[in-house]
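These are my notebook entries on one protein chain. I set out to look up its pairs, its cores and a few single residues.

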Amino acid sequence: MEPLVTVVIINFNSGKFLDRCLGALKDQTHKNLEVIIIDNLSSDGSRDQFSKNHFGFLKFIYIDANENLGSSKANNLGIRTGSGEYFLILNADVFLDSRFIQECLQGFSVCSSIGTVTGKLVSEKNSQIIDTVGICLFREGVAADLGMGQRDIGQFESPCFLSGACCAAALYSKKMLNSIRHKDEFFDENYFAFVEDPDLSLTSFLYGWKTYYTPKAKAL
């Protein structure tokens with residue numbers, strides 16, 4: 001039985017991206033998906049468009065927050081609502097290769113201490129330019145997206161352990177998320193938007209979890 005993967009997507013005026021994003025999810029080779037969209041008070045008409053359509057998914061939940069919760073709070077709501085064994089936090093403007101989820105799930109089999117798996121995200125405008133393959137955490141407390149802006153010449157073609165994952169498209173195990181949970185928060189809601197993913201990455205590392213990068217998981 002394929003494990004259930006809950007996909008959490010925040011909609012904040014992202015109507016122009018969501019059709020393609022959801023289409024890429026429907027094309028996944030891993031089919032046991034639960035899709036949750038959290039609407040952060042969108043004003044582009046997508047609230048009506050996406051609240052009334054299940055888009056062919058067997059498990060589809062649309063939550064109208066009626067306010068802009070920000071990313072941490074909205075993602076936490078999605079995680080608490082979902083029932084998956086794994087949670088994919090996905091930006092609405094990220095379009096997954098058809099094997100992205102399957103390749104990430106296979107990454108968890110490398111060792112039992114892996115709590116997060118991520119892949120290679122490249123620019124939609126130029127697929128030879130890398131957006132991110134993960135997060136670098138520096139001793140000074142600075143975080144940066146690894147590979148951002150670099151031309152892809154094969155420098156990230158080997159799977160490896162990283163400091164963390166960018167939650168534009170990161171797959172987290174429920175076991176890891178529950179182990180770092182503080183009250184009802186997985187992402188620290190002191191971060192309205194941005195920095196919440198390196199914070200979660202650092203927290204999971206301190207709890208003994210690893211982040212794994214697989215170049216076979218690709219997305220635009």
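How many salt bridges does a search of the whole structure find? I obtained 7 salt bridges. I note at the outset that the model is predicted.

**Entry: salt bridges**

I began with glutamate 124, which forms a salt bridge with arginine 20; their closest N and O atoms are 2.6 Å apart. This pair links distant parts of the chain, since glutamate 124 is in the loop between β5 and β6 (130-132) and arginine 20 is in helix α1 (residues 15-26), 104 residues apart. I then looked up the accessibility of each partner. Glutamate 124 has a relative accessible area of 46%, so it is classed as partly exposed. Arginine 20 is also partly exposed, at 40%.

Next I looked up aspartate 184, which forms a salt bridge with arginine 80. Here the closest N and O atoms are 3.9 Å apart, and the cut-off for a salt bridge is 4 Å. This pair, too, links distant parts of the chain: aspartate 184 is in the loop between α5 and α6, and arginine 80 is in helix α3 (residues 70-81), 104 residues apart. Aspartate 184 is partly exposed at 37% relative accessible area, and arginine 80 is partly exposed at 34%.

My third pair was lysine 120 with glutamate 157, a salt bridge whose closest N and O atoms are 2.4 Å apart. Lysine 120 lies in strand β5 and glutamate 157 in the loop between β8 (143-145) and β9 (160-162), so the pair ties together parts that are 37 residues apart in sequence. Is lysine 120 buried or exposed? Its relative accessible area is 3%, and the limit for a buried residue is 20%, so lysine 120 counts as buried. Its partner, glutamate 157, is partly exposed at 40%.

I also recorded a network of salt bridges that links Asp39, Arg47 and Asp64.

**Entry: aromatic rings**

I then turned to the rings and counted 4 aromatic pairs. One of them joins tyrosine 86 and phenylalanine 108, with 4.7 Å from centre to centre and 50° between the planes, and it is tilted. Tyrosine 86 is in strand β4 (residues 86-90), while phenylalanine 108 is in the loop between α4 (100-107) and β5 (114-122); the pair links distant parts of the chain, 22 residues apart. Both tyrosine 86 and phenylalanine 108 are buried.

Why is the pair of tyrosine 172 and phenylalanine 187 edge-to-face? The ring planes of tyrosine 172 and phenylalanine 187 stand at 80°, with the centres 6.1 Å apart, and planes over 60 degrees apart count as edge-to-face. Tyrosine 172 lies in strand β10 (residues 169-173) and phenylalanine 187 in the loop between α5 (174-180) and α6 (196-206), so the pair ties together parts 15 residues apart in sequence. Tyrosine 172 is buried at 1% relative accessible area, and phenylalanine 187 is buried at 0%.

A ring may also face a charge. I found the charged end of lysine 210 over the ring of phenylalanine 161, 5.0 Å from its centre.

**Entry: nonpolar cores**

Which residues have the most contacts inside the largest nonpolar core? They are Ile9, Leu22, Leu25, Leu90 and Leu96, in a core of 38 residues. I followed leucine 22 further: not counting residues up to four places away in sequence, leucine 22 touches Ile9, Val35, Ile37, Phe50, Phe55, Phe57 and Phe60. Another core, of 22 residues, lies apart from the largest one, and among its members are Ile36, Ile38, Tyr172 and Phe187.

**Entry: helix α3**

Helix α3 has 12 residues and reaches 17 Å from its first C-alpha to its last, close to the 16 Å expected at 1.5 Å a residue. I listed its buried residues as Gly70, Ser71, Ser72, Ala74, Asn75, Asn76, Gly78 and Ile79. The elements that cover these buried residues include β1 (5-11), β2 (33-39), β4, α5 and α6.

**Entry: glutamate 103**

My last look-up was glutamate 103, in helix α4. What is glutamate 103 in contact with, leaving aside its neighbours within four places in sequence? Its contacts are Thr214, Lys216 and Ala217. Glutamate 103 has 7% relative accessibility and counts as buried.

Definitions and conventions
Residues are numbered from 1 along each chain as its sequence is written. This is a predicted model: local features need pLDDT of at least 70, side-chain atom pairs count only at pLDDT 80 or more; totals for chains, interfaces and linings use all residues. Side-chain values use heavy atoms; hydrogens and water are left out. Rings of Phe, Tyr and Trp (its six-membered ring) pair if their centres lie within 6.5 Å; planes under 30 degrees apart count as stacked, over 60 as edge-to-face and the rest as tilted. Helices (H or I, at least four residues) and strands (E, at least two) are DSSP runs, numbered from the N terminus. Buried means under 20% relative accessible area, exposed over 50%, partly exposed in between (1.4 Å probe, protein chains only). A charge sits over a ring if NZ of Lys or CZ of Arg is within 6 Å of the ring centre and within 35 degrees of the ring normal. A salt bridge is a side-chain nitrogen of Lys or Arg within 4 Å of a carboxyl oxygen of Asp or Glu. A nonpolar core is a set of buried Ala, Val, Leu, Ile, Met, Phe, Trp, Tyr and Cys residues joined through side-chain atoms within 4.5 Å. Contact means heavy atoms within 4.5 Å. The expected span of a helix is 1.5 Å times one less than its number of residues.
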